[in-house]
Structure formats: C-alpha cells, structure tokens
Amino acid sequence: RAVGCRLLAMPKTKPYSVLKHEHMVREIERVVPKIHKRLQAASYTHAGMDYEKLFAFYDKNGDGLISLAELEHAIRRNLRLAPAEVSDRQVETLFVAIDQAGGGGPAGKGGDGGIELSEFVNFLVDGPVALDLESSAVAARNGDFE
C-alpha cells in the first residue's frame with residue numbers, strides 16, 4: 001500500500017531588506033520616547049516650559065530651522081545620548097519624521113530640509129504618536145533629507 005506523500009508548506013520568509021527595515025522601525029520606536037522625554041526636560045525654565053528658547057538654542061546658525069547637524073549636536077552634546085544609545089541613522093529618521101510631521105514645505109507636505117519651530121513644538125507637545133516613523137525610516141535610509 002502506497003503511503004501518500006504530502007509536501008509541507010514552507011513558511012514564507014521575508015526578504016532581508018524587509019526584516020532590516022522592520023528592525024530599524026522597532027529600534028527608532030524604542031529611542032524616540034527617550035529623546036522626547038529629554039527634550040521636554042531640557043525645555044524647562046524657572047518660568048515653565050519654553051519651547052521657543054530651546055529651539056533658538058539648538059538653531060545654532062539662526063536661520064529659523066534646526067538642521068540634521070544641529071539636531072545631532074543637540075542629541076549628542078545637550079541631551080547626552082551617545083551613538084551606542086541612539087545611532088546616527090536613528091537621528092536621521094527622527095529628523096525626517098519631525099520635518100515631515102510639521103506639514104510645512106511645498107504643497108503642505110513637510111520635508112523642507114529643516115525642522116521649523118512649529119514642527120519642533122508639535123513633537124514636544126504631541127510626542128512620538130505624531131510621527132510617521134515607518135515612512136521616515138525609508139526616507140532616512142534612502143538619504144531623502146536635507
């Protein structure tokens with residue numbers, strides 16, 4: 001009597017690039033609340049929270065935008081988060097996410113190459129929930145910033 005042979009369906013695996021992207025999104029989701037919390041703490045003054053003063057402090061060249069380099073400087077020097085805690089790629093992803101979340105730039109789509117005061121304040125007030133980290137991770141990976 002012949003024994004039926006049934007092929008077992010192999011579980012479908014995701015391509016390496018998809019797995020890498022998902023890992024990046026999970027990692028940025030892990031560190032953004034820490035950055036948000038430290039930025040909020042840095043905004044406190046004797047009179048309460050002063051987001052404009054903090055923005056002006058981080059906007060080193062005074063052009064009204066926080067560039068990627070300025071954000072990285074703020075995270076590394078002022079918030080004291082080393083690359084072991086927050087990678088350069090995560091800083092880039094956060095930069096893109098805050099910039100895109102603001103709705104400025106051409107046709108109201110954000111992504112104008114710098115973080116405006118309103119975008120900065122929105123992130124500090126609304127926190128990580130206001131950000132689209134998924135698409136920002138793609139943009140940062142592709143170098144679609146600045």
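Me: Why is R76 called buried?
Reply: This is a predicted model. R76 has a relative accessible area of 17%. Buried means under 20%. R76 therefore counts as buried.

Me: What makes E72 and R76 a salt bridge?
Reply: Their side chains meet at 3.9 Å, N to O. The cut-off is within 4 Å, from a side-chain nitrogen of Lys or Arg to a carboxyl oxygen of Asp or Glu. The pair therefore qualifies. Both residues lie in helix 3 (residues 68-78), four residues apart, about one turn of the helix.

Me: Why does E72 count as partly exposed?
Reply: E72 has 26% relative accessibility. Partly exposed runs between the 20% limit for buried and the 50% limit for exposed. E72 therefore falls in that class.

Me: How do you know that R76 and D88 meet in a salt bridge?
Reply: Their N to O distance is 2.8 Å. That meets the requirement of within 4 Å. The pair links distant parts of the chain: R76 sits in helix 3 and D88 in helix 4, 12 residues apart. D88, at 40% relative accessibility, counts as partly exposed.

Me: What joins E72, R76 and D88 into one network?
Reply: Salt bridges that share partners do. R76 meets E72 in one bridge and D88 in another.

Me: Why are R89 and E92 separated by about one helical turn?
Reply: Because they are three residues apart in helix 4. Their side chains meet in a salt bridge at 3.9 Å, N to O. R89 is partly exposed, with a relative accessible area of 34%. The whole structure holds five salt bridges.

Me: What makes T93 buried?
Reply: T93 has a relative accessible area of 0%. The limit for buried is under 20%, so T93 qualifies. T93 lies in helix 4 (residues 88-101). T93 and L68 are 25 residues apart in sequence and 10.0 Å apart in space, C-alpha to C-alpha.

Me: Why are helix 2 and helix 5 called oblique to each other?
Reply: Their axes cross at roughly 120 degrees. Roughly perpendicular covers 65 to 115, and roughly antiparallel starts over 145. The angle fits neither range, so the pair is oblique. The axes of helix 2 (residues 51-58) and helix 5 (residues 117-126) come within 10 Å, and the crossing is right-handed.

Me: Which residues make the contact of helix 2 with helix 5?
Reply: Helix 2 supplies Y51, E52, L54, F55 and Y58. Helix 5 supplies L117, F120, V121, L124 and V125. They divide into nine nonpolar, no polar and one charged. Glu counts as charged, so E52 is the charged one.

Note on methods: Residues are numbered from 1 along each chain as its sequence is written. This is a predicted model: local features need pLDDT of at least 70, side-chain atom pairs count only at pLDDT 80 or more; totals for chains, interfaces and linings use all residues. Side-chain values use heavy atoms; hydrogens and water are left out. Axes are lines fitted to C-alpha atoms, for helices over the stretch in contact, and angles run from 0 to 180 degrees between N-to-C directions. Helices (H or I, at least four residues) and strands (E, at least two) are DSSP runs, numbered from the N terminus. A crossing is left-handed if the near helix is turned anticlockwise from the far one by less than a right angle, and right-handed if clockwise. Contact means heavy atoms within 4.5 Å. Buried means under 20% relative accessible area, exposed over 50%, partly exposed in between (1.4 Å probe, protein chains only).
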